[in-house]
Amino acid sequence: MRTAPRPWPLAVLALISSLFASHALAGPIEKTLRRAEGNVPTPIFRPRPSPQDTQPPTITETPPPPATIEPTKASACLTQLSQIALAAPASGPKEEDSKCRIPDPVSVKATLGRFPVEFSRELTLDCPFALAFARFVRDTVQPLARHHLDQPLASIGTGPGYTCRRRNNAPSGKLSEHAFGNAIDMVTFRPANGAVLNVTSPSQMQQDQARFFSALRTAACGSFTTVLGPGSNPAHATHLHLDLGRSKDRKNPYRICE
Ligand SMILES: [Zn+2]
């Protein structure tokens, strides 16, 4: 006589169910762990080498990071100058055994902005002076040209700025401010489309040119400590000299505005 199978106790069913569940969830990680526990050698994952990895390693010496250079007064000046002028660092005077020197030499080619003004040559100047001159050209000379000459100024004919010489090219005496890159001579003014203005006595200039030049010369006295031009002395009959020399001498400050 057959007896109907007895139902499995609930506890047994629950145990079987949990065993199936744990087996189904066991992923590769768990399998690997189980192998490790059973002292079965565990495969070690090694990434396939990329073509670069197969190349023999090249030994490159990494250069040490550059030393941090604190911004100096000079570089700050050139940074400021570069905002308003085409400027670059320049080498200083080469004359040895000479007292000629430029503390922060820069070369300047033009002012920048909406109405740029080019210089006839690359000027070598001490940066603080170059900054004062570029500002003067951009903020004063150019607006005066547009006002009096009815057109923007395209270029200014100048001397070189730095020259290792004495005042007025004399064989003896004090060094000129040019010997420190602290002066500039302006010889001609060339409007974008008009007659070139040669610096000379205003009586020999056209009326609008004379007004422009007189206004420029008067304004220069507000930006520079020495302004000399036609009428000052014979050495300055054909150019306008601007410098900032005396402003450094606090014990003996004076201005020359002639
Ligand atoms: Zn000069």
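Two residues are taken to be in contact when their C-beta atoms, placed from the backbone, lie within 7 Å. With that in hand, a pleasant place to begin is Gly245 of this predicted model. Gly245 sits in the loop between strands S8 and S9. Leaving aside neighbours within four places in sequence, the contacts of Gly245 are Glu177, Asn182, Thr225 and Thr226. For Thr226, the separation from Gly245 is 19 residues in sequence, while the C-alpha atoms of the two are 7.4 Å apart in space. Gly245 counts as partly exposed because it has 19 C-beta neighbours inside 10 Å, and the buried class begins at 20.

Before going further, the model as a whole deserves a word. The protein has 258 residues, of which 28% count as buried, and its secondary structure comprises 6 helices and 9 strands. Of the contacts between residues at least 6 apart in sequence, 57% join residues at least 24 apart. The average pLDDT is 79, and 67% of the residues score at least 70. Some caution is in order for residues 12-54, where pLDDT stays under 50 and the model has 7 contacts beyond four places in sequence. Where pLDDT is low, predicted coordinates should not be read in detail.

Strand S8, covering residues 240-243, leads into the loop that holds Gly245. Both faces of S8 are covered, with Leu240 and Leu242 buried on one side and His241 and Asp243 buried on the other. Strand S5 (residues 183-191) pairs with S8 in the antiparallel sense over 4 bridges. Strand S7 (residues 226-228) is also antiparallel to S8, and 3 bridges join the two. Leu242 of S8 is the bridge partner of Ile184 and also of Val227.

Helix H6 takes us to another part of the same neighbourhood, since its buried residues pack against S7 and S8, as well as against H5 and strand S6. These buried residues are Gln209, Phe212, Phe213, Leu216, Arg217 and Ala220. They lie on the same side of H6, because they cover an arc of only 130° around the axis. Such a pattern is easy to follow: an α-helix has 3.6 residues a turn, so residues three or four places apart point the same way. The face turned away from the buried side of H6 carries the exposed residues Gln207, Thr218 and Gly222. The length of H6 (residues 207-223) agrees with expectation, because its 17 residues should span 24 Å at 1.5 Å a residue and its end C-alpha atoms are 25 Å apart.

The largest nonpolar core contains 47 residues, and those with the most contacts inside it are Leu81, Val106, Val108, Ala130 and Phe133. Helix H5 (residues 127-148) gives the most to this core, with 12 residues. Beyond four places in sequence, Val108 is in contact with Ala85, Leu86, Ala87, Phe119, Leu123, Leu125, Ala130 and Ala134.

Two asparagines round off the account with their backbone angles. Most residues other than glycine have a negative phi. Asn168, however, has a positive phi of about 55°, and Asn169 has a positive phi near 60°. Asn168 lies in the loop between strands S4 and S5, and Asn169 is found in the loop between S4 and S5 too. Asn168 is partly exposed, with 14 other C-beta atoms within 10 Å, whereas Asn169 is exposed, with 10 other C-beta atoms within 10 Å.

How values were computed
Residues are numbered from 1 along each chain as its sequence is written. This is a predicted model: local features need pLDDT of at least 70, side-chain atom pairs count only at pLDDT 80 or more; totals for chains, interfaces and linings use all residues. A residue is buried if 20 or more other C-beta atoms lie within 10 Å of its own, exposed if 12 or fewer, and partly exposed in between; C-beta atoms are placed from the backbone. Two strands pair if DSSP finds at least two bridges between them. A nonpolar core is a set of buried Ala, Val, Leu, Ile, Met, Phe, Trp, Tyr and Cys residues joined through C-beta atoms within 7 Å. The expected span of a helix is 1.5 Å times one less than its number of residues. The arc is that of the directions from the helix axis to the C-beta atoms. pLDDT is the predictor's confidence in each residue, from 0 to 100.
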